[in-house]
Amino acid sequence: MKKTLLFVLMLWATQLMHAGVIKFENFRNSRTVQNGVLLQASYTPVDEDDENGIVISNNKLEIPARSTVTINTGCVNIKKIVLHLYSGSDVPHLKMTATEGSVETVKEPAKTVTWTNTGKAVANVVLTLVETETASDVQYEFQKNRVQIVSADIEIDGEYGYYGVVDGILKDTIDIEPQKVALNKTFNTFWEEWDYTFTATDRSTDHIVSFTFSPYWGESFEGEYEDDEGGEVEVPGEGKYAAKYIYLNIAKNAQDTNKHDVELEMIAENMVLYRLTWTGVLSGEETNPAYDQEPKTATTLNFVGVEADYDDDNVQFYNELEITMYDKDDNGMILVFMVNKTSSDNVIPTGEYEINDSKQVGTVMASTGYDDWGMTEGSRLELNVTEEEGGVQWLETVATYFIVSGSVKVETIATGVKVTIDGKSYNGSTINGVYEGPIPGTSTGVESVRGGDTETRRYNVLGVEVGREYEGIVIERGEKRVIVK
């Protein structure tokens with residue numbers, strides 16, 4: 001669904017950006033905007049008494065020498081500008097210069113001033129009308145050294161941007177000399193897929209350019225990407241600027257398949273165009289926010305359970321039997337067994353279970369980590385501390401080791417069941433665990449009740465019977481409770 005929507009949006013954006021020619025005509029003022037493209041005429045007076053300024057005459061834009069005509073698309077590349085002049089305009093006596101590209105003035109058959117892009121990214125062009133020493137051979141119908149613009153054609157290709165930034169001017173172009181290039185991989189917990197972030201640091205400016213994208217096909221990041229968001233530029237001492245347009249192409253190098261050819265073009269909100277052409281080895285980090293609660297340093301953890309309960313609510317529909325075990329320090333081990341029925345003797349059918357993400361009957365479900373809403377599935381070891389607030393105690397998880405592989409062995413013993421865990425966590429920690437005894441409960445919920453509400457026997461987490469005055473976590477009627485006085 002996401003990729004289909006992305007394709008439709010890209011197609012729509014492509015059609016929008018390749019708008020062709022925008023025509024300005026019937027001028028009513030010296031500043032006009034169409035589809036986000038600005039055409040503005042300005043005049044620079046010689047002195048305080050100079051009143052020889054811009055005039056709108058019969059919907060024509062009349063400008064004298066020392067006037068400028070600014071064409072600004074914000075971030076859209078300009079290919080060509082054609083100014084159509086009134087027949088009485090003094091073309092031989094005047095000429096146009098431009099800040100970028102080249103200008104050609106044509107007298108016959110139709111008087112035009114044509115600006116042509118020389119091939120670089122140009123989103124802002126200033127044309128200046130200047131006098132020449134060439135005598136005029138044109139008969140005037142109005143004051144000398146003036147040009148009347150009947151209409152203007154602005155040809156754009158959208159190659160470098162989008163519409164909407166009328167007053168933005170492309171301030172600079174930085175051809176990145178990469179000091180560092182990386183391609184980092186991050187799991188998107190919402191879409192449940194991997195996203196890539198291409199990052200390049202410029203050697204001379206230390207600007208960091210990055211672009212995050214989802215691969216089109218599976219896990220392959222190679223391809224051509226276009227977007228108007230998802231990227232940013234970090235400028236030292238200034239902060240971060242969102243990208244307004246990005247083009248990224250990643251392809252395997254033909255001579256060395258261990259390397260990639262990378263092309264990048266990006267305009268950011270600081271109105272700087274960043275360009276990169278680079279060949280090299282793409283390396284980076286792989287991160288998954290779903291597993292952030294697990295310590296990064298691998299270690300060995302040995303778990304010895306002293307109590308256990310189970311939840312079989314999901315066995316009928318999802319084949320999920322959740323077993324929760326606690327050790328003497330209230331650390332919890334949760335194992336999700338994939339079974340189609342429970343055992344009448346010890347709840348868990350005996351046998352050996354592989355820990356994986358197949359969710360097939362006869363396996364133990366590997367951890368999926370926590371999603372954006374703090375929900376999780378699968379097997380894990382939670383390191384807990386006991387917290388108290390308002391006289392109520394509960395377990396606070398301070399670290400979670402997400403079990404993603406290994407095996408679990410279930411045996412019947414005299415006191416109930418023996419569960420032996422030999423697992424590996426997401427970040428490579430070794431999880432050894434064992435539990436011997438009954439699995440009495442049908443719920444993993446912790447219920448808080450007032451002392452004295454019942455006269456049934458109570459046991460602490462070590463299985464030792466406690467009196468009615470005992471406060472804290474107890475086992476009562478096969479359920480775990482917190483007693484508050």
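**Reading salt bridges in a predicted model**

Reader: What is the relative accessible area of E377?

Author: E377 has a relative accessible area of 34%, which makes E377 partly exposed (buried is under 20%, exposed over 50%, partly exposed in between; 1.4 Å probe, protein chains only). This is a predicted model, where local features need pLDDT of at least 70, side-chain atom pairs count only at pLDDT 80 or more, and totals for chains, interfaces and linings use all residues. Residues are numbered from 1 along each chain as its sequence is written, and side-chain values use heavy atoms, without hydrogens and water.

Reader: Which side chain meets that of E377 in a salt bridge?

Author: A salt bridge is a side-chain nitrogen of Lys or Arg within 4 Å of a carboxyl oxygen of Asp or Glu. Here K359 is the partner of E377, at 3.3 Å from N to O. K359 lies in the loop between β27 (351-356) and β28 (363-365), and E377 in the loop between β28 and β29 (380-389), so the pair ties together parts 18 residues apart in sequence. K359 is partly exposed as well, at 40%.

Reader: How many salt bridges does the structure hold?

Author: The structure holds 11. One of them joins R275 and D175, with the closest N and O atoms 2.9 Å apart. This pair links distant parts of the chain, 100 residues apart: R275 is in strand β21 (residues 272-280) and D175 in strand β13 (residues 172-175). Strands (E, at least two residues) are DSSP runs, numbered from the N terminus. R275 is partly exposed at 23%, and D175 is partly exposed at 46%.

Reader: With which residue does D329 form a salt bridge?

Author: With K328, the closest N and O atoms being 3.5 Å apart. D329 is partly exposed at 45%, whereas K328 counts as exposed at 55%.

Key:
Helices (H or I, at least four residues) and strands (E, at least two) are DSSP runs, numbered from the N terminus.
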